[in-house]
Amino acid sequence: MGTLRTGELTRRRVGTRAADLEYAVLDVETTGLDPREGARLVEVAVVRVRGDGELVDEFSTLVDPRVPVGGQEFHGIGEGDVIGAPRVAEIVPRLAQLLSGAVVVGHNLDFEERFLTAELVPAGLPRGQSGLCTLRALRAQIDLPRYSLPRATHLLSGSWPTGQHTALGDARACARLLVEMIANAPGELRYAGPPPLVLRGGVPVDGTVRWKPRTTPEPGGLEPLNEWKACWRDAELDAALCGGAFGAADRAAAESAAHRDSRLWERVAAAAAVTGGVAATVAGGLLVRMAGGRGGLRGRAG
């Protein structure tokens, strides 16, 4: 089993209403890009939010990486900042609380998952939580020139996110983008993927651990949601094809596949409407198999 079992957001009538779920939006700052090359966590944040926009909880802390702190030009965290910060093993019980019963979300979740796998799972974080990548979700549902978290936020809502390159600032921006996406969708968005995993029997949080947050919580929860001026796709793309750099060739291939799938659905539905009976039964089985084979249920590309 992988560290996360990922799903997707869809306008098809499958899965669970996205507004009814809770999400643990995760962001990390690190000493480098690849844990296989020695990069380590230096800051972690989780914003727990309901799909309807209600803030449930949020948490952030600097982390002592036990290695020299690289990447300061991006995250601004210096060697002195992590003195007295907890180590990875000390934050795992608190993270398990925040992730339990929620869909784990990140903007380019592949990056966060690499560090979950390399550091947090060996330190005791259970595997198997359900996951959702907002970067893939945006690419699958909305036609934008750029999909980075700050640029997508600005293109869709007209405002830039604050606190960029702090773990809590980016987690808040991602949480807001997620709930605004659910609220602004032209049809009901549903989460198609493994159900959230309730983590049982974890190690209790040690009350003596001293967190070292870089960003203070904002009172009052998330601000009122914005209305988007977005070009939603007529045919949503397969989220499994929306990872990586998503250059022009990748985008064209995903769009072509979506149009082929859409035409197939239309032909099958038309055949069922005309012939009824046996054809309807066969069509229903085919549509169910297609729905189960799409997006994150097949695993992620790139």
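These are my notebook entries on a few places I looked up in a predicted model.

**Entry 1: R233**

I began with R233, which I found in the loop between β9 (190-192) and α7 (248-275). Its relative accessibility is 8%, so I noted R233 as buried, the cut-off being under 20%. The side chain of R233 makes a polar contact of 3.0 Å with the side chain of E255. Setting aside neighbours within four places in sequence, I listed what R233 touches: R11, R139, A140, Q141, I142, D143, Y147, R251 and E255.

**Entry 2: the β5 and β6 hairpin**

Next I traced strand β5 (residues 41-50) and strand β6 (residues 55-62), which run antiparallel and are joined by seven bridges. Within this pairing, V47 stands opposite E58 of β6. Four residues lie between the two strands of the hairpin, and there I noted that G53 has a positive phi near 100°.

**Entry 3: the nonpolar cores**

I then turned to the largest nonpolar core, which has 71 residues, and in which L9, Y23, L120 and L138 touch the most other members. Helix α6 (residues 167-184) supplies the largest share of this core, with 11 residues. I also looked up a second, separate core of six residues, among them L62, V69, V82 and A85.

Going back to Y23, I listed its contacts beyond four places in sequence, and these include V47, R48, V49 and R50, as well as L178 and I182.

For α6 I checked the length: at 1.5 Å a residue its 18 residues should span 26 Å, and the end C-alpha atoms are indeed 26 Å apart, so the two values agree. Of those 18 residues 17 are buried, and I therefore recorded α6 as largely enclosed by the rest of the structure.

**Entry 4: aromatic pairs**

I finished with the aromatic pairs, of which the structure holds four. F59 and W211 form an edge-to-face pair, with 5.0 Å from centre to centre and 80° between the planes. This pair links distant parts of the chain, since F59 is in strand β6 while W211 is in the loop between β9 and α7, 152 residues apart. F59 is buried, at a relative accessible area of 6%, whereas W211, at 27% relative accessibility, counts as partly exposed.

For F111 and F115 the ring centres are 5.2 Å apart and the planes lie at 55°, so I entered the pair as tilted. Both F111 and F115 are buried, and being four residues apart in helix α3 (residues 109-120), they are separated by about one helical turn. An α-helix has 3.6 residues a turn, so residues three or four places apart point the same way.

Methods. Residues numbered from 1 in each chain as written. Predicted model: local features only at pLDDT ≥ 70, side-chain atom pairs only at ≥ 80, totals over all residues. Heavy atoms only, no water. Buried < 20%, exposed > 50% of the residue type's maximum accessible area, 1.4 Å probe, protein only. Polar contact = N/O pair within 3.5 Å; in protein donor to acceptor, adjacent residues only side chain to side chain. Contact = heavy atoms within 4.5 Å. Pairing = 2+ DSSP bridges. Core = buried A, V, L, I, M, F, W, Y, C linked by side-chain atoms within 4.5 Å. Expected span 1.5 Å × (residues − 1). Phe/Tyr/Trp six-rings, centres within 6.5 Å; stacked < 30°, edge-to-face > 60°.
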